[in-house]
Amino acid sequence: MEKAQWSSHISFIIATVGSAVGLGNIWRFPYIMGKNGGAIFLLTYLLLIAFICIIPLLCELFIGKIYKKDTVSAFAEINPKFKWFGWLCIITVILIPCFYFVVGGWILNYIWIFLTNRIPDNFAQYFSSFSSQVTIPCFLSILFLLMTSIFPFRGVNKGIEKANNIMMPLFALMLIIMAVYAVTLPGAKEGLTFMFKPNFSQFNSAMVLTALGQALFTLSIGMGAIITYGSYMKKDTNIIKSAYTLIFFDTLIAVIAGIMIFPIVFSFGVTPSAGATLVFISLPEMFAKLPFPSITGLIFFILLFFAAITSGISIMETAVASFINQFNVSRQKATFILSIIIGIITIPSTLSFGLLSDFSLNGKNFFDFLDYTTSNILLPFNTLLICLIAGWCIKGLWKNEIGENFLGYSFNILLKFIIPVILIYVILSGI
Ligand code: TRP
């Protein structure tokens, strides 16, 4: 069977940006930044992304480009001993949607309430009573799963590429409209100062670790997603340029999301560190007080939906591509089987806020347990192994792609020694 390929370089970039830009940028980034001191966090995050995270990102792109295989086959080809690691990436990529799609279901619900203009008076109460129900949240997360699966089911060009080419520009347009609108609000100045004027006294090591975890999560590193999308790229694609383009857009979008959210937050005097509920409680509450609440709310949740679904598609595709080759099944069958597996794990995760709220693993409900284990343990661990395998087991990686120059040597040293040490430190402090 001929290997699928993106039909243009732009499509490749849009799809990878679609994978990277997700709930991590719009939902997670602003509240984590709010909790960690604003501008100083942004500065640290930017430095980490530009100098550290670029390395594992490049490794995944290289592996995709060189081997042109799904994640499991690629690691098996580097060395049959590493096949298990390919599977660990796939397990991680199967666990992520089991909480990610729960949030997807909540987004669908919020789109519905703003669309039908059924805006509740008290969002805190509304959110807790909604998320603790059984039927509707389960139905909506499964619906979100099905909406996501359609695209890998239809294939790389007809499904994934098309979806990204349509949804990502719409997403960008809506984000810009919302950000411009937010900047005209009375709290804009305070919000922007919070974002851009660093207060160095808030710099500490815990904040650096959080920034690193966020940077890996938002770039979709550590589970073979970039290997998979990279395996569809054209032979002559320049990887270094692609990596910097991806980082540029991912960061730009996170920053614009902040420019959209902080002025609103400061206009209404909510603390920006409100946490994970910022987007589902504080923000909609504020939308309800702005002129045209149903339109602002609707635009916001639709843009969040696009961000989440384009990442969801890449999550699914990573697992689908490996299933196709490992089990020798058709793309449709692989998507179908994976949707069932993910659906089965997603249901208890959806119920973590109600029926199963007493069930705890390691002191966390099932949803938080999945989020914590994947983001704070599996992602850094997988990234560590990707760096070690790429640095020590693929001969001449940098020589071939960058050349024997200063840049090549610095990348090599970062990859083989410095980044593994940093990642080991992150993993240990996470445990
Ligand atoms: N990058 C995505 C976001 O910011 C989340 C994510 C993490 C992801 N790992 C992934 C998406 C792997 C696709 C594939 O929301």
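A pocket, as the word is used here, is an open set of grid points with protein on both sides within 12 Å along at least five of seven lines, and its lining residues have an atom within 4 Å of a point. With that in mind, let us take a walk through this structure, which is a predicted model.

**The largest pocket**

The largest pocket has 24 lining residues, and Arg28, Tyr31, Ile32, Asp371 and Asn376 are the ones nearest its centre. Two or more lining residues come from each of α2, α11, α17 (366-393) and α19 (406-430). Which helix gives the largest share of this lining? That is α17, with 7 residues. The volume of the largest pocket is about 540 Å³. Sorted by class, its lining holds 13 nonpolar, 8 polar and 3 charged residues.

**The largest cavity**

A cavity is another kind of space: a 1.4 Å probe fits inside but cannot get out. How many cavities of 30 Å³ or more does the count give? The count comes to 3. The largest cavity has a volume of about 170 Å³. Around the largest cavity are 15 lining residues, and those nearest its centre are Ser19, Tyr100, Phe217, Ser220 and Ile315. Helices α1, α11 and α15 each bring at least two residues to this lining, and α15 gives the largest share, 3 residues. The lining of the largest cavity is made up of 8 nonpolar and 7 polar residues, with no charged ones.

**The ligand and its neighbours**

Where does the ligand sit? You will find the ligand in the largest cavity. There are 15 residues around the ligand, of which Ala20, Gly24, Tyr100, Phe217 and Ser220 come nearest. The shell around the ligand draws at least two residues from each of these helices: α1 (9-20), α2 (23-35), α11 (205-218) and α15 (293-327). In that shell, 7 residues are nonpolar, 8 are polar and none is charged.

Next, look at the polar backbone atoms that face nitrogen or oxygen atoms of the ligand. Here they are side by side:

| Ligand atom | Protein partner | Distance |
|---|---|---|
| nitrogen | polar backbone atom of Ser19 | 3.5 Å |
| oxygen | polar backbone atom of Ala20 | 2.9 Å |
| oxygen | polar backbone atom of Leu23 | 3.1 Å |

How much of the ligand's surface does the protein bury? On its own, the ligand would expose 360 Å², and the protein buries 100% of that area.

**Two asparagines to look up**

Finally, turn to the backbone angle phi at two loop residues. Asn117 is not a glycine, yet its phi is positive, at about 55 degrees. You can find Asn117 in the loop between α6 (97-115) and α7 (123-131). Asn328, also a residue other than glycine, has a positive phi near 55 degrees. Asn328 lies in the loop between α15 and α16 (331-350).

**Putting the picture together**

Try tracing α15 on the model: α15 supplies residues to the shell around the ligand and to the lining of the largest cavity, and the loop that holds Asn328 lies between α15 and α16. Then trace α2, which gives residues to the ligand shell and also to the lining of the largest pocket.

Key
Residues numbered from 1 in each chain as written. Predicted model: local features only at pLDDT ≥ 70, side-chain atom pairs only at ≥ 80, totals over all residues. Heavy atoms only, no water. Near = heavy atom within 4 Å. Polar contact = N/O pair within 3.5 Å; in protein donor to acceptor, adjacent residues only side chain to side chain. Areas by Shrake-Rupley, 256 points an atom, 1.4 Å probe, with all protein chains shown as cover. 1 Å grid on protein atoms, 1.4 Å probe; cavity = no way out; pocket = protein on both sides within 12 Å on 5 of 7 lines; lining within 4 Å. Sits in = over half its atoms within 2 Å of the grid points. Helix = DSSP H or I, 4+ residues; strand = E, 2+ residues; numbered from the N terminus. Nonpolar A, V, L, I, M, F, W, Y, C, P; charged D, E, K, R; others polar. Points joined across faces, edges and corners; volume = space filled by probe spheres on them.
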